[in-house]
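Biologist: I'd like to learn how to read a model like this one, feature by feature. Could you walk me through it?
Modeller: Sure, let's put it up and start.

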Amino acid sequence: MDKRHEADSRVVLYSKDICTITGKKYRAARRLYHTILRNFNKKADQFITLEEFCSYTGIRPGLVQGILKY
């Protein structure tokens, strides 16, 4: 599988990704990550998806995927 295909198929976001997308510092991105977890009634050891992040922030999924490709 080439790198381009891997980036297109990403589903899970991490705090570092939120830093890249929003420009927030790591601690602020981590707080946002946990806020999204609570919003979707998830446990601390579960992941947030690209879809959940976009739903919470109002950012279009295509825009986020474009940012994460690089």
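Biologist: Let me jump right in: what covers the buried residues of α4?
Modeller: First, keep in mind that this is a predicted model. The cover over the buried residues of α4 includes β1, α2, α3, β2 and α5 (61-68). The buried residues themselves are Leu50, Glu52, Phe53 and Cys54.

Biologist: Okay, back up a bit. How many helices and strands are there in the chain?
Modeller: Five helices and two strands. Going along the sequence, the order is α-β-α-α-β-α-α.

Biologist: And what percentage of the residues count as buried?
Modeller: 27% of the chain's 70 residues. As for the surface, the accessible area is about 5,200 Å², and carbon and sulfur atoms account for 51% of that. Contacts tell you about the fold too: take those between residues at least 6 apart in sequence, and 39% of them join residues at least 24 apart.

Biologist: Let's do a helix properly. Why do residues three or four places apart point the same way in an α-helix?
Modeller: An α-helix makes a turn every 3.6 residues, so positions three or four apart end up facing the same way. Now try α3: its buried residues are Ala29, Leu32, Tyr33, Ile36 and Leu37. They sit on the same side of α3, because the arc they cover around the axis is only 145 degrees.

Biologist: Which residues are exposed on the other side of α3?
Modeller: Arg27, Arg31 and Arg38. The buried residues, for their part, pack against β1 (12-13), α2 (15-22), β2 (48-49) and α4 (50-57).

Biologist: What span should helix α3 have, going by its residues?
Modeller: α3 runs over residues 26-39, which is 14 residues, and at 1.5 Å a residue it should span 20 Å. The C-alpha atoms at its ends are 20 Å apart, so the two agree.

Biologist: Next, backbone angles. What sign of phi do most residues other than glycine have?
Modeller: Negative, for most of them. Here, asparagine 41 has a positive phi of about 55 degrees although it isn't a glycine. Asparagine 41 comes after α3, in the loop between α3 and β2. With a relative accessible area of 71%, asparagine 41 is exposed.

Biologist: Which residue just after α4 takes a positive phi?
Modeller: That's glycine 58, with a phi of about 85 degrees.

Biologist: On to side chains. How many salt bridges does a search of the whole structure find?
Modeller: One. In it, the side chains of lysine 42 and glutamate 52 meet, N to O, at 3.0 Å. The pair links distant parts of the chain: lysine 42 is in the loop between α3 and β2, while glutamate 52 is ten residues away in helix α4.

Biologist: Is each partner buried, exposed or partly exposed?
Modeller: Lysine 42 has 24% relative accessibility, so it counts as partly exposed. Glutamate 52 is at 15%, so it counts as buried. Leaving out residues up to four places away in sequence, glutamate 52 touches Phe40, Lys42 and Phe47.

Biologist: What about another acidic residue, aspartate 17: buried or exposed?
Modeller: Buried, at a relative accessible area of 11%. Aspartate 17 is in helix α2. Setting aside neighbours within four places in sequence, aspartate 17 is in contact with Arg10, Val12 and Leu68.

Biologist: Now cysteines. What is a disulfide?
Modeller: It's a covalent bond that joins the sulfur atoms of two cysteines. The test is whether the sulfur atoms of a cysteine pair lie within 2.5 Å. By that rule, this structure has zero disulfides. Cysteine 19 is buried, with a relative accessible area of 14%. Cysteine 54 is buried too, at 6%.

Biologist: One last stop: where is glycine 66 found?
Modeller: In helix α5. Its relative accessible area is 26%, so glycine 66 is partly exposed. Look also at isoleucine 21: it is 45 residues from glycine 66 along the chain, and their C-alpha atoms are separated by 9.7 Å.

Notes. Residues numbered from 1 in each chain as written. Predicted model: local features only at pLDDT ≥ 70, side-chain atom pairs only at ≥ 80, totals over all residues. Heavy atoms only, no water. Helix = DSSP H or I, 4+ residues; strand = E, 2+ residues; numbered from the N terminus. Expected span 1.5 Å × (residues − 1). Buried < 20%, exposed > 50% of the residue type's maximum accessible area, 1.4 Å probe, protein only. Arc of directions from axis to C-beta. Contact = heavy atoms within 4.5 Å. Salt bridge = Lys/Arg side-chain N within 4 Å of Asp/Glu carboxyl O. Areas by Shrake-Rupley, 256 points an atom, 1.4 Å probe, with all protein chains shown as cover.
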